[in-house]
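Here is a walk through one protein model, meant for someone seeing it for the first time. Keep the picture at hand as you read.

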Amino acid sequence: MTDTKQDTRDWSVAWKNPFVIGWVVILFIVLSVNFFMVSMAIVTNPGLVVDDYYDQGKRMDVILAEQKKMEQIGWQLEVDMPILSEGKKDLVKLSVKDKEGKPLDVETAILYFYRPSDRNLDGQLVMNKIDGTGMYEQSFSLPLKGKWDLIMEVTKGDLRFNIGRSIMVQDPE
């Protein structure tokens, strides 16, 4: 009384086998996703890699010597940076003091700003000297919210001193 049903499918042709078709579909999906990810990486390249990274690496001893020289100089930079909002101008103030804490005039004071995810938004801002020794200010705004890296650099003669920090720019209010 057993009623067995005979399998009549023809498995001799590989392209008619559902397991082979399934594996080919999975392989096609994996290759398509990889191709999409590689093309997106190329198209949206933020350019975070330094163009001359090998030369910069060879200069590491020069960079370390400059840092040691800055420690010996002992200048103090006090940056009054308000909490910035996207596209809103605010006043940035800088106070430069020597090793003993006395105000110091410098020849140039420049604020460099870097967008870690897009080098096209990087820039610099020259600070204007205001009344008083060692006091500088400038109106400043950043076009996008998010993380920005800032470097304040002052020079006097062949002496150079800089400090850096990261900030978060907020949504416009």
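## Strand 3 and its partners

Strand 3 and strand 7 run antiparallel and are joined by seven bridges. One place to look for this pairing is Tyr112, which stands opposite Ile151 in strand 7. Keep in mind that this is a predicted model.

Strand 3 also pairs with strand 4 (residues 123-126), again in the antiparallel sense, over four bridges. Here, Leu111 has Leu125 of strand 4 as its bridge partner. Is strand 3 enclosed or left open? Five of its seven residues are buried, so strand 3 is largely enclosed by the rest of the structure.

Strand 7 is also where you'll find Glu153. With a relative accessible area of 14%, Glu153 is buried, because anything under 20% counts as such. Leaving out residues up to four places away in sequence, Glu153 touches Thr108, Ala109, Ile110 and Tyr112, along with Arg160, Phe161 and Asn162.

## An open sheet of four strands

Now for another group of strands. Four of them make an open sheet, in the order 1-2-6-5, with antiparallel pairing. Strand 1 and strand 5 (128-129) stand at the edges with a single partner strand each, so one side of each has no neighbour in the sheet.

Let's go through some of the pairings. Strand 1 (residues 76-80) and strand 2 (residues 90-97) run antiparallel and are joined by five bridges. Look for Glu78, which sits opposite Ser95 in strand 2. Strand 2 is joined to strand 6 (residues 135-140) as well, by six bridges, and these two also run antiparallel. Asp90 has Phe140 of strand 6 as its bridge partner, while Leu91 is matched with Ser139 in strand 6.

Strand 2 also holds Lys93. Is Lys93 buried or partly exposed? Its relative accessibility is 34%, so Lys93 counts as partly exposed. Setting aside residues up to four places away in sequence, Lys93 touches Glu78, Val79, Asp80, Met127, Tyr136 and Glu137. Met81 is 12 residues from Lys93 along the chain, and the C-alpha atoms of the two are separated by 6.8 Å.

## The nonpolar core

Next, the inside. The largest nonpolar core has 26 residues, and those with the most contacts inside it are Leu94, Val96, Leu111, Met127, Phe140, Leu142 and Val154. Two or more residues each come from helix 3, strand 2, strand 3 (108-114), strand 6, strand 7 (146-156) and strand 8 (159-169). Strand 7 gives the most to this core, with four residues.

Leu94 is a good one to click on. Not counting neighbours within four places in sequence, its contacts include Leu77, Glu78 and Val79. Leu94 is also in contact with Ala109, Met127, Gly134, Met135, Tyr136, Met152 and Val154.

## The helices

Head back towards the start of the chain and you come to helix 1 (residues 18-43), with 26 residues. From its first C-alpha to its last, helix 1 reaches 37 Å, close to the 38 Å expected at 1.5 Å a residue. At the start of helix 1, a side-chain oxygen of Asn17 comes to within 2.9 Å of the backbone nitrogen of Phe19.

What does UniProt list for residues 20-43? An unreviewed UniProt entry gives this span as "transmembrane region". In the model, residues 20-43 are 100% helix and 0% strand, and their end C-alpha atoms lie 35 Å apart.

Helix 3 (residues 60-73) has 14 residues, which should span 20 Å at 1.5 Å a residue. The end C-alpha atoms of helix 3 are indeed 20 Å apart, which agrees. Gly74 follows helix 3, and its phi is positive, near 75°.

## After strand 8

One last stop is Gln170, found in the segment after strand 8. Gln170 has a relative accessible area of 38% and is partly exposed. Leaving aside neighbours within four places in sequence, Gln170 is in contact with Ile83, Leu84, Ser85, Glu86 and Lys145.

How far apart are Gln170 and Ala109 in space? From C-alpha to C-alpha, Gln170 and Ala109 are 26 Å apart, with their positions 61 residues apart in sequence numbering.

Terms used:
Residues are numbered from 1 along each chain as its sequence is written. This is a predicted model: local features need pLDDT of at least 70, side-chain atom pairs count only at pLDDT 80 or more; totals for chains, interfaces and linings use all residues. Side-chain values use heavy atoms; hydrogens and water are left out. The expected span of a helix is 1.5 Å times one less than its number of residues. A polar contact is a pair of N or O atoms within 3.5 Å; within protein, one must be able to donate a hydrogen and the other to accept it, and residues adjacent in sequence count only if both atoms are side-chain atoms. Two strands pair if DSSP finds at least two bridges between them. UniProt positions are given in the numbering used here, feature names are shortened, and annotations may be inferred rather than shown by experiment. A nonpolar core is a set of buried Ala, Val, Leu, Ile, Met, Phe, Trp, Tyr and Cys residues joined through side-chain atoms within 4.5 Å. Buried means under 20% relative accessible area, exposed over 50%, partly exposed in between (1.4 Å probe, protein chains only). Contact means heavy atoms within 4.5 Å.
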